[in-house]
Amino acid sequence: MEKIAAILKDEEGEKEYQELAAACRRYWNDTFVDPETKKTRGLDGKLCDTQCSYVLGLQYGVMEDCKAAAEHLLRKTRAANHTVGTGFFGTGLLNQALCDTGASEDAYKLMLKEYPDIMTVEQMCEVLGISTKTGYRLLREKKICCLKVGRAYRIPKAHLFTYLCIGGEETSI
C-alpha cells in the first residue's frame, strides 16, 4: 500500500503505510522472535524454530534480523537433509527464501531430489508433466539445452531449471 500511495503521490498515505508496516514488523518480531537466540517462537512464547517460520518471516519482509533468520533457515534445511519441512504455507516460498539469502546450492538440493543430476528424456517429461513427443520437440527446438550421447539425449537438471525459469511455455486452462 505504501508503494501505491507513493505512485499516487499521496505523501500522507505513504507515511501512514510506512508507520503501519513498521508497527507490524515490531509486533511480529516482539511476538515471534526470541531476542537472545533469534529463533522463532509461537504465540505462547514456546520455541517454534521451523523452516516455515523463518521462510514466512523472510519472504514477507517482517524479520528484523534477516541474517540470523537466514542462518536458522539454512540450519533447519540442512538438518532435514534438504527435505521440505514447511508444510503447506511455506512450501512455495522455501526455495526463493534460500536463493534470496545466498543459499542457492541448498535450494538446488531441494529441487527434484529424487531425480539424477543428468536425466533421460522420459524423466524430464515426467517432471514437466508432458508427453515424450513434446519433450523431444523441446529438445530439437533447443528450448531445453541437452547433451547427446550417441543417439540418446541427456538433460542436466540445471538446464531444466533454466527452462522452467525463463522459457517455460505458459498454458491456459
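Leaving aside its neighbours within four places in sequence, with which residues is Thr31 in contact? In this predicted model, the residues that Thr31 meets beyond those neighbours are Arg41, Gly42 and Leu43. Thr31 itself belongs to helix H2, which covers residues 11-32, and it is classed as buried because its relative accessible area is 15%, where the limit for that class is under 20%. A further position can be set against Thr31, namely Ala97: the two are 66 residues apart in sequence, and their C-alpha atoms are 21 Å apart in space.

The path from H2 leads into the loop between H2 and H3, and Lys38 is found in that loop. The backbone of Lys38 deserves attention, since this residue has a positive phi of about 65° although it is not a glycine. As a general matter, most residues other than glycine have a negative phi. Lys38 is partly exposed, with a relative accessible area of 30%.

Before the packing of the next helices is described, the cysteines call for a short account. A search of the whole structure finds zero disulfides. Cys48 is accordingly in no disulfide, and the cysteine sulfur nearest to its own, that of Cys52, lies 8.0 Å away. With a relative accessibility of 33%, Cys48 counts as partly exposed, and Cys99, at 36% relative accessibility, also counts as partly exposed.

Helix H3, residues 51-59, packs with helix H4, residues 66-79, at an angle of about 145°, and the axes of the two helices are 9 Å apart. The crossing that H3 and H4 make is left-handed. On the H3 side the contact is formed by Gln51, Tyr54, Val55 and Leu58, and these meet Cys66, Ala69, Ala70, His72, Leu73, Arg75, Lys76 and Thr77 on the H4 side. Sorted by class, the contact of H3 with H4 has seven nonpolar, three polar and two charged residues.

Beyond H4 comes the loop between H4 and helix H5, the latter spanning 87-100, and Asn81 has its place in this loop. Phi of Asn81 is near 55°, which is again a positive value in a residue other than glycine. At 53% relative accessibility, Asn81 counts as exposed, because the class begins over 50%. Val84 is found in the loop between H4 and H5 as well, but with a relative accessibility of 40% Val84 counts as partly exposed. Not counting residues up to four places away in sequence, Val84 touches Gln51, Thr91, Leu94 and Leu110; one of these, Gln51, is also among the H3 residues that meet H4. From Val84 to Thr101 there are 17 residues in sequence, and the C-alpha atoms of the two are 17 Å apart in space.

Within H5 itself one finds Gly92, which is exposed, with a relative accessible area of 69%. The C-alpha atoms of Gly92 and Val55 are separated by 9.7 Å, although these residues are 37 residues apart along the chain. Val55 has already appeared as one of the H3 residues in the contact with H4.

How, then, are the buried residues arranged in the helices that come later in the chain? In helix H7, residues 121-128, the buried residues are Val121, Met124 and Cys125. They cover an arc of only 100° around the axis, and therefore they sit on the same side of H7. H7 is followed by Gly129, whose phi is positive, near 70°.

Helix H8, residues 132-140, can be read in a similar way, with Gly135, Leu138 and Leu139 as buried residues. Seen down the axis of H8, these buried residues fall within an arc of 100°, so they line one face of the helix. The face of H8 turned away from this buried side carries the exposed residues Lys133 and Arg140. Just after H8, Lys142 takes a positive phi of about 60°.

Terms used
Residues are numbered from 1 along each chain as its sequence is written. This is a predicted model: local features need pLDDT of at least 70, side-chain atom pairs count only at pLDDT 80 or more; totals for chains, interfaces and linings use all residues. Side-chain values use heavy atoms; hydrogens and water are left out. Axes are lines fitted to C-alpha atoms, for helices over the stretch in contact, and angles run from 0 to 180 degrees between N-to-C directions. Helices (H or I, at least four residues) and strands (E, at least two) are DSSP runs, numbered from the N terminus. A crossing is left-handed if the near helix is turned anticlockwise from the far one by less than a right angle, and right-handed if clockwise. Contact means heavy atoms within 4.5 Å. Ala, Val, Leu, Ile, Met, Phe, Trp, Tyr, Cys and Pro count as nonpolar, Asp, Glu, Lys and Arg as charged, and the others, Gly among them, as polar. Buried means under 20% relative accessible area, exposed over 50%, partly exposed in between (1.4 Å probe, protein chains only). The arc is that of the directions from the helix axis to the C-beta atoms. A disulfide is a pair of cysteine sulfur atoms within 2.5 Å.
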